[in-house]
Amino acid sequence: MIDVVARDELREGEFTVVRAGRREVGIVLWRGEVHALANRCPHMGAPVCRGRVTPLVDEALPRAALRCAGDDAVLSCPWHGWEFRIDSGVAVADSHYRLRRYRAEVRDGRVLVELGG
Amino acid sequence: MSTIDCHVAHGWNAVEDVLEHLPRAWREYVGRPGSLPGGRGLRPLVPGTPFAALTADGRRGAGATVTDPETLRRDWLDPQGIDVALLTHGPARHLAALVNPRLSVALVRAANAWTQERWLDADPTGRMRGVILVPEQVPTAAAEEIRRVGADARMAAVLLAGTGVGKPYGHPIYEPIHEAAAEMGLPLLIWTGGDATQDASTMPTAGGPPSTHAELVALGGQALMSHFASLVAMGTFEAHPDLRVVLAGGGMLWLSAVLWRLDVNHLSLRAEVPWMRRRPSELLAEQVRIVATPAGEARGGPAVTALCEAFGELRDVLCFGSAFPDADASGCRELTDALPAGWESAVREGNARSALRL
């Protein structure tokens, strides 16, 4: 596992982009857990973790208005707005697409990421 | 093989044929030709386009129309072997765009009654079907008209051609119309061109109004792009999964541009329009039809071939429309000869039959 960042440097709901080996990885603290996602959008390769974390929005009434769907949040890609669930990396609009996730754990105040194969 | 012709422009010999169906008060208001000195006395009723066909009296109007059922049968239905002909109006298509919305309500009702009496009642063979004109500027009145005239099983669609309120047809203002049409099992037949009339509150082309007929002919599909994108983005197809929409008057070559852009950007748009759940290409075969005419598409050559190869879904979308009695009206074979092999049955009959209420 690769040591990438101090746990204390993370802010809830904000991505910190780090380099792990030859890859860029977005680290985010969400609901007390640390998540690690590849900083590459499956759409067109954008640095997706530079995007915004926003509430998941759906429709309040059929086609009438938008509303925030509970406490869910998504990462919205800065290039074209593709949305990915933070806890799973799955694209909201089409579950066939997802961000690559890496195993992350906190050890002695440091965030470690396992890049895998 | 059966043939459904989705575009036969029927009209009147004299506008009085329609006016007799007006309530008396409105009939008095619109007047009578010859009731004033010099032959005057009738208010101008039918919005004309600045690019109309050559006429006998130089007045602006619309294209050619067939003016009696017997002529239609003798000159077109019988020789062409047409099993069902959709009567799609000539100038009356534009009544919904009249500047006076109250007059528009009265006139479309009269025109619907005229179609029922002069055409459908006079068709013992049952091959003719009407479309319901609606006063689009007053959507609640339009919904009422759909439910009223839609009770006549010989009405096969709701015609939207006037864009009287200056918004494309997916806009929420039209929801009473969507709902009524879906309830009655009637498709929306959206016809471009009504926005080219002098009364219309919209432009027929983006970027400004055309100055020549040449421009309008080339750009006729633009309004259909607007309406299609609007219906998709406003979730009309999702809200009414049984509703069919038939797009006419602009050929089919316009489709590729807007469909591609919507499909490619579909996943990016969710946060704004979460009700746009399916890619537009996925709903095409289920809920969308396009009327293609031999005069328009059969001469498209490589462009038509390329479009059909890129969008095989069109096989389940295209419907034949002759544009009779236009001078260049042609039979279905001239259209299907320009399309891929194996498409004829769907284009000649199947696609129209699955969309129209027949």
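Here is a friendly run of questions and replies about this predicted two-chain model.

Me: Before we start, how do you know which residues and atoms count?
Reply: This is a predicted model, in which local features need pLDDT of at least 70 and side-chain atom pairs count only at pLDDT 80 or more, while totals for chains, interfaces and linings use all residues. Residues are numbered from 1 along each chain as its sequence is written, chains are lettered from A and ligands numbered from 1 in the order in which they are written, and side-chain values use heavy atoms, with hydrogens and water left out.

Me: What makes the strands β1-β9-β8-β4-β3-β2 of chain A an open sheet with edges?
Reply: Two strands pair if DSSP finds at least two bridges between them, and strands themselves are DSSP runs of E, at least two residues long (helices are runs of H or I, at least four), numbered from the N terminus. Six strands of chain A join up in that order with antiparallel pairing. At the ends, β1 (2–6) and β2 (15–20) each pair on one side only, and these are the edge strands. From one strand to the next the twist averages 35°; axes here are lines fitted to C-alpha atoms (for helices, over the stretch in contact), and angles run from 0 to 180 degrees between N-to-C directions.

Me: How do you know that β3 and β4 of chain A pair?
Reply: Strand β3 (residues 23–30) and strand β4 (residues 33–38) of chain A share six bridges in the antiparallel sense, and the rule asks for at least two, so they count as paired. One example is Val25(A), whose bridge partner in β4(A) is Ala38(A).

Me: Which strands make up the open sheet of three in chain A?
Reply: They are β5-β6-β7, in that order and antiparallel. Its edge strands are β5 (52–59) and β7 (83–85), and the twist averages 60° from one strand to the next. Strand β6 (residues 66–76) and β7(A) have three bridges, and Val74(A) has Arg85(A) as its bridge partner in β7(A).

Me: Why is Leu112(A) called buried?
Reply: Its relative accessible area is 9%, and buried means under 20% (exposed is over 50%, partly exposed in between, with a 1.4 Å probe and protein chains only), so the label fits. Leu112(A) lies in strand β9 of chain A. Residues in contact with Leu112(A), beyond four places away in sequence, include Met1(A), Ile2(A) and Arg103(A); contact means heavy atoms within 4.5 Å.

Me: What makes Asp108(A) and His89(B) worth a look?
Reply: Most residues other than glycine have a negative phi. Asp108(A) has a phi near 50°, and His89(B) has one of about 70°. Asp108(A) is in the loop between β8 (101–107) and β9 (110–114) of chain A and is exposed at 79% relative accessibility. His89(B), in the loop between β2 (84–87) and α4 (101–120) of chain B, is buried at 0%.

Me: Why is the peptide bond from Phe324(B) to Pro325(B) called out?
Reply: Most peptide bonds are trans. This bond is cis, with omega near 10°. Pro325(B) is in the loop between β8 (318–320) and α14 (332–336) of chain B.

Me: How do you know that chain A and chain B form an interface?
Reply: In contact terms, 16 residues of chain A meet 15 residues of chain B. Together the chains bury about 1400 Å², 52% of it on carbon and sulfur atoms; buried area is the accessible area (1.4 Å probe) that two parts lose on being put together, summed over both. Glu59(A), Arg63(A) and Ala93(A) supply 47% of the area that chain A buries against chain B, more than any other three residues.

Me: Why is the meeting of Arg279(B) and Asp94(A) called a salt bridge?
Reply: Their side chains are 3.7 Å apart, N to O, and the rule wants a side-chain nitrogen of Lys or Arg within 4 Å of a carboxyl oxygen of Asp or Glu, so the pair qualifies. The rule finds three salt bridges across this interface. The largest share of the side of chain A that touches chain B, four residues, comes from β5(A).

Me: What does Arg270(B) touch, and is it buried or exposed?
Reply: Arg270(B) is buried, at 12% relative accessibility. Residues in contact with Arg270(B) include Leu56(A), Val57(A) and Ala93(A).
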